[in-house]
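Let's take a look at this structure together. We will start with a pair of helices and then step back to the whole chain.

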Amino acid sequence: MRRALWALFVLSLARAHGPDRTLTVFAAASLTEAFTELGDSLRAHDPGVVVQFNFAGSQLLALQLIEGAEADVFAAADARSMQAVADSGLVDDPIPFARNRLVVILPATNPGRIAALRDLARPGVKIVLAGDAVPAGRYARAVVANLGQSTGFPPAYEHRVLANVVSEEENVRAVVAKVRLGEADAGIVYASDVSAAAGGGVRTLVIPDAANVLATYPIAVLHRSTHQAAARAFVALVFSPAGQRVLARHELLPIAGRP
Amino acid sequence: MLVRAALSLAAATLLCFLALPIISLFVRVSPATLWGRLGQPVVRQALWLSLGTSAAATLLVVLFGLPVAYLLATREFRAKRVVQTLVELPIVLPPTAAGVGLLLAFGRAGLAGGVLTAVGIELPFTTLAVVVAQVFVATPFFISSATAGLAAVERRYTDAAATLGATPAFGFFRVLLPMALPAILAGAAMSWARALGEFGATITFAGNLPGRTQTMPLAVYTALQNDLSAAVALSVLLVILSFTILLGLRFAPWGAAVGGASARLRGR
């Protein structure tokens with residue numbers, strides 16, 4: 001038993017130091033399912049490649065990259081995080097590859113008895129958003145502001161909805177978790193976060209296009225990547241028809257026009 | 001001679017390893033920035049929230065932990081090992097897992113959630129939930145120290161008190177407790193330190209909202225998302241705060257006792 005453990009340990013060391021082709025992709029938390037699937041299909045094409053993902057809030061990934069984290073590809077949920085990385089000279093020309101809509105989600109049991117977007121402003125409703133440094137949090141606040149300007153919504157709508165916020169989460173998936181557990185009455189997340197592939201388990205309220213925000217996702221290969229070819233192959237896969245179909249299956253919109 | 005050199009080298013290496021991250025924090029922030037941050041409402045809120053919740057948590061830990069420590073130190077019972085392991089479990093449990101457990105237990109939709117809701121308590125996203133998370137993770141530190149302290153008091157002292165006609169309560173409060181006090185205070189100090197630094201269980205169970213559930217560690221993490229210098233400044237404040245209070249505990253009238261307790265624990 002002990003010998004087997006040692007063998008495993010030595011093997012893992014060998015893997016860590018060997019001339020392996022482990023591609024490290026830093027990607028926005030909302031891309032978790034779509035990119036995991038893309039990683040699997042890259043592996044299917046080229047069994048020698050191992051794709052390792054770091055899914056987190058784009059702003060945190062950008063900070064990690066700027067502070068020196070090793071990665072080959074960065075896919076962000078907003079231009080701002082990508083720009084911060086570009087400003088540090090780590091990438092050139094990021095290219096937008098997908099867009100994402102926002103939706104309001106409710107627990108399956110709907111404990112807040114929310115039937116329409118107007119109900120989010122009712123006192124006592126517990127709303128969870130991503131923090132305002134997180135792309136999803138910034139988009140969610142923009143959506144609430146847009147709704148407040150729309151006809152049929154009371155004048156203090158934005159203020160009242162924001163007063164109902166009980167937690168500002170560090171990434172969008174933490175918002176989904178709190179709603180799915182039934183602890184929050186509502187959250188605002190990306191459509192891709194609650195696609196059937198992402199597990200569903202929540203009710204959704206559609207935000208009308210006029211008030212919705214389209215998040216644009218840029219992708220780039222890092223200059224300091226030591227696996228340039230594999231990194232470019234992954235980016236090419238994202239833009240390929242097959243890759244775009246995977247994204248579409250996860251409720252992400254293609255970059256050129258709506259389907 | 002060689003042994004002594006090797007010992008010094010090992011000690012110096014460890015001390016450098018522990019000190020360097022702290023020093024690095026201080027190097028990256030100027031006193032002026034620090035003072036400026038202290039003026040921000042969101043920082044002051046986080047500071048007071050951290051102090052208040054960790055103090056409340058420590059109080060609860062001592063209040064409910066002391067009876068458990070007393071039983072573990074003085075009684076033999078069949079399930080003792082199981083109880084001891086259960087009490088120590090939060091030390092090894094990842095705090096985020098603890099937070100998920102707390103949500104599934106005391107959340108609105110949790111196992112005990114129905115009972116709590118029936119009496120009008122909804123814990124998640126409240127300051128009380130912050131305290132609950134801190135109590136959960138900090139309890140083991142108090143119980144292990146207090147149990148060791150109480151068990152170290154020889155039976156003959158309490159027996160002598162009993163033969164002299166002291167009631168069990170008198171024996172506990174006037175004989176056992178004073179003799180074990182150093183270890184109890186040391187345990188309380190460790191619990192407080194753990195509660196002050198608590199992050200994972202808090203953000204999972206209580207959420208993250210300035211003024212209500214955003215304690216200093218959460219404020220550091222939130223600041224880190226878009227402003228590294230703010231995160232550093234907050235970290236430095238937290239270090240200064242913890243260091244001052246821990247040092248103060250050592251120099252307090254009964255502080256020597258805290259130091260003495262850890263010395264005695266080391267000797268055991």
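In this predicted model, helix α4 (residues 80-92) of chain B and helix α7 (residues 127-152) of chain B have axes that come within 8 Å and cross at roughly 125°. An angle over 145 degrees would count as roughly antiparallel, and 65 to 115 as roughly perpendicular; α4(B) and α7(B) are therefore oblique to each other. As for handedness, the crossing in which α4(B) passes α7(B) is left-handed.

Which residues bring the two helices together? The table lists them by helix, with the residue range of each.

| Helix | Residue range | Residues that meet the partner helix |
|---|---|---|
| α4(B) | residues 80-92 | B:Val87, B:Glu88, B:Pro90 and B:Ile91 |
| α7(B) | residues 127-152 | B:Phe136, B:Val137, B:Thr139, B:Pro140, B:Ile143 and B:Ser144 |

Sorted by class, this contact of α4(B) with α7(B) has 7 nonpolar, 2 polar and 1 charged residues. The charged class is represented by B:Glu88, on the α4(B) side, while the polar residues are B:Thr139 and B:Ser144 in α7(B).

Now for the chain around this pair. Chain B has 13 helices and 0 strands, so every element in its N-to-C order is an α. Its C-alpha trace spans about 70 × 65 × 30 Å along the principal axes. Of the 268 residues in chain B, 37% are buried. Among contacts in chain B with a separation of 6 or more, 76% link residues 24 or more positions apart.

Key:
Residues numbered from 1 in each chain as written. Chains lettered and ligands numbered in written order. Predicted model: local features only at pLDDT ≥ 70, side-chain atom pairs only at ≥ 80, totals over all residues. Helix = DSSP H or I, 4+ residues; strand = E, 2+ residues; numbered from the N terminus. Buried ≥ 20, exposed ≤ 12 C-beta atoms within 10 Å, placed from the backbone. Contact = placed C-beta atoms within 7 Å. Axes fitted to C-alpha atoms, helices over the stretch in contact; angles between N-to-C directions. Parallel < 35°, antiparallel > 145°, perpendicular 65-115°, else oblique. Left-handed = near helix turned anticlockwise from the far one by under 90°.
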